[in-house]
Each structure stands twice: as C-alpha cells, then as structure tokens.
Amino acid sequence: MNCNEIINKLKTTQNADKDELIYLLDNITDDERETLRKNAQEVAQERFGNKIFIRGLIEISSFCKNDCFYCGIRRSNKNAVRYRLSAEDILSCCDKGYALGFRTFVLQGGEDSHFTDDMLCELIGEIKQRYPDCAITLSLGERSFDSLQRLYNAGADRYLLRHETACKAHYERLHPDGMSFDNRVNTLYKLKEIGYQTGAGFMVGSPFQTTENLADDLLFIKKLKPQMCGIGPFVPHKDTDYRDFEHGSLELTLTLLSIIRLMNPDILLPATTALGTIDFRGRELGILHGANVVMPNLSPSEHRKDYSLYDNKICTGEEAAECLVCLKNRMRSIGYEIVNSRGDYRQLNNKEK
Ligand code: SF4
C-alpha cells in the first residue's frame, strides 16, 4: 500500500496495521500530509463543529518522588524550585476559572505524597459542591488502585496519565529502575474500569524513540480506547541528562495528531502547550490537524515558572484571563470558537470496526 491508500484506509476503517503505520510515518510526502490533515480536520469538524473545549489547568505541586530522566521537576533536580498550592489557593484558582467560563478543572502535579487521599477527597468534594456543573480531572501520576477508587467516589470525573511510550524497553530508557511500565499500563486499564474518562498519551521525539515505537503508541491508543489522548513534542530541560537532545518535530507531532484523530474519531485531543512552545502557532496548527481541546493555565502566576517540566514553556507570565483572551483570539484567527462547557466525551455513531 502507498501512503494515500493507507490514509484512505485510516479514514474508512479507523485502522491500520503496524507495518502500514511505520510506512506512512517514514514515507509521507508534503502533499500526502496535507491530505491526511484535511481528512483529520473534517472528522473533528463532523464531531465538534468549530467548537474548541477548554480545560483550566491548575498545577498544584512541583514536588515529585519520581526521577523520570527527561523531566525538569524530577526528584534529583536540585535546581528545581518546589512549591505546593494550599486547598485555599486551589479553590481560588477554581473561583477565577469559573468566572472566566471554565467548566473543567485539571488538578495536575508531580507524585507528591503530601496530597493524601483524605486531603484530595475533601478538596474534590468542596470543588464539586461549589461548582456542581464542572468536571474535575486529575493528573497526579500513579496512585494505588484503592486511592484512585476513593478519588473517583469523591467526585473526580477524569484522569490523565500519559503512558509516555508503549514500548517497555523504550520506557526503561526514559525512567529509572523502580518505575514500572507494567504498572503504568495496568493503572490506565484500572482507571477505565473504575469509570474515569481516561487520558493516555505520549511524547513525540523523545530520546531513543523509533518509528516502530510510535506505531506501537498509535496501536496502544487504539487498543486502550481512552477518552482523551495528550501528545506533545519532547522538549528538553537544561537540568536533565537529556538536555542536549533535539526537541520533537512539529511536523511529526502534527502528523500523529491527524492519525490519532482518524483512528479514534471521537477522542478528546488537545493541542498541547508543548506544541505551542516549539512553534508560535503550534496550538493553532494542532487544531487544524484534528485536535479539539486547549488547556489554558489557571495556576497562580507567581508559581507558573516553577512548574518547569521542560525549558521555554510558554504562558508562564500571564494571568489566567490574559491566557484565555490570547487563546480565544488564536482560535478565532483560524475560524474556531472556544466554548464554556464541560466538554465530556461523547461517542457519535462512528463506523468503528
Ligand atoms: S514526569 Fe511526572 S512522574 Fe516523572 S518526574 Fe516529572 S512530574 Fe514526576
């Protein structure tokens, strides 16, 4: 099969096998990339029209017990500035966000044992009581199954846990001993079983990544069937061993967004901040390639620069309201409109095989 035939197969069957995905990623031409993009945009527009969902991101802690080799807030980075938001800080971010029109709050942080189940359950309960029309997404890394169940019972709706790479050997080159690929994958399945709207995802262009790894990532997403998928280019951080690696390619990230959209037509697919970091128009391009979500930052501006997963992260200086205005203008410039809704996953009558 040539690239156009594979694109057509993706569009009509939402499937391709591993060899076809590898062939497509390695051989796609600019013209074929444009065909892929148009198809992905069309599928996203069938589902979401010109509407873009927003998620208010609240970065609650820059402490992390883990030591992922690529991450700027890894435990062993002595230069990282550590902070934690108090429950009052977090609620105040939600207050501001709600007034701005956000109906999803994403509580994200490193794996920080300071945030016990009791503390988080109370916080989730309080947010739900104040804003019963809002969804709560957690992005707090791997927790015990019991903990994940408790947080769900307390009212959390969604959980983001990027798998980072679907290849165990590759995972082990990005993470130290003691971090388990199997546990990460099992946790993703558990999240789905509990009932969370679940988000997986991976880095594009991470150190030692091969095209085969990317094909495995695409097939893993297809198999897991998460409701959300966050992908962004790898961006190096100066205080990690991977500081000298190139960032992931814009073109490849966009191509993968389009393929994910064709393989998973209903999936909630963000145009990530990392994409906006490697290219001034990265998020707009992400939308034009099939993404349908953006995640402006609601964290207090005095802490933004300290949640430094990678270098040169954008939007670390602005207030939440400024971020939102900027994004609204960016979306408008390409004919899209940000909407104030929870933006839950909905399965339309796709022709999934
Ligand atoms: S990637 Fe996540 S789990 Fe790993 S060190 Fe960074 S914050 Fe911690």
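Asp117 is buried, with a relative accessible area of 16%. The structure is a predicted model, and in it Asp117 belongs to helix α5, which covers residues 117–130. When neighbours within four places in sequence are set aside, the contacts of Asp117 are Arg143, Ser147, Arg150 and Leu151.

A second aspartate can be described in the same terms. Asp306 is located in the loop that joins α13 (301–304) to α14 (320–333). Asp306 has a relative accessible area of 12% and is therefore buried, since the cut-off for that class is under 20%. Apart from neighbours within four places in sequence, Asp306 touches Ser62, Ile73, Val81 and Tyr83. Ile73 is also one of the residues around the ligand.

**The ligand shell**

Around the ligand stand Cys64, Asn66, Cys68, Tyr70, Cys71, Ile73, Arg74 and Gly110. By class, this shell consists of five nonpolar residues, two polar residues and one charged residue.

**The sheet**

Strands of a sheet pair through backbone hydrogen bonds, in either a parallel or an antiparallel sense. Here six strands form an open sheet in the order β2-β3-β4-β5-β6-β7, and their pairing is parallel. Its edges are β2 (56–61) and β7, each of which pairs on one side only. From one strand to the next, the twist averages 20 degrees.

Within this sheet, β4 (residues 135–139) and β5 (residues 158–160) are joined by two bridges in the parallel sense. Opposite Thr137 stands Arg158 of β5. Elsewhere, helix α10 lies across β6 and β7, and α10 runs at about 165 degrees to β7.

**Helix α9 and its surroundings**

Which length should helix α9 have, given its 14 residues? At 1.5 Å a residue, residues 211–224 should span 20 Å, and the end C-alpha atoms are 20 Å apart, so the expected and the modelled spans agree.

The buried residues of α9 are Asn213, Leu214, Ala215, Asp217, Leu218, Phe220, Ile221, Lys222 and Leu224. These buried residues pack against several elements: the helices α2 (18–27), α7 (168–174), α8 (181–194) and α10 (250–263), together with the strands β6 (197–204) and β7 (228–233). The partners of α9 thus include β7, an edge strand of the sheet, and α10, the helix that lies across β6 and β7.

**Positive phi in the flanking loops**

Most residues other than glycine have a negative phi. Phe208, which is not a glycine, has a positive phi of about 70 degrees, and it is found in the loop between β6 and α9. Lys225 likewise has a positive phi, near 55 degrees, and is a residue other than glycine. Lys225 follows just after α9, in the loop between α9 and β7.

Are these two residues buried or exposed? Phe208 counts as partly exposed because its relative accessibility is 33%, and Lys225 counts as partly exposed because its relative accessibility is 43%. The table sets these accessibilities beside those of the two aspartates.

| Residue | Location | Relative accessible area | Class |
|---|---|---|---|
| Asp117 | helix α5 | 16% | buried |
| Asp306 | loop between α13 and α14 | 12% | buried |
| Phe208 | loop between β6 and α9 | 33% | partly exposed |
| Lys225 | loop between α9 and β7 | 43% | partly exposed |

Note on methods
Residues numbered from 1 in each chain as written. Predicted model: local features only at pLDDT ≥ 70, side-chain atom pairs only at ≥ 80, totals over all residues. Heavy atoms only, no water. Helix = DSSP H or I, 4+ residues; strand = E, 2+ residues; numbered from the N terminus. Expected span 1.5 Å × (residues − 1). Buried < 20%, exposed > 50% of the residue type's maximum accessible area, 1.4 Å probe, protein only. Contact = heavy atoms within 4.5 Å. Near = heavy atom within 4 Å. Nonpolar A, V, L, I, M, F, W, Y, C, P; charged D, E, K, R; others polar. Pairing = 2+ DSSP bridges. Axes fitted to C-alpha atoms, helices over the stretch in contact; angles between N-to-C directions.
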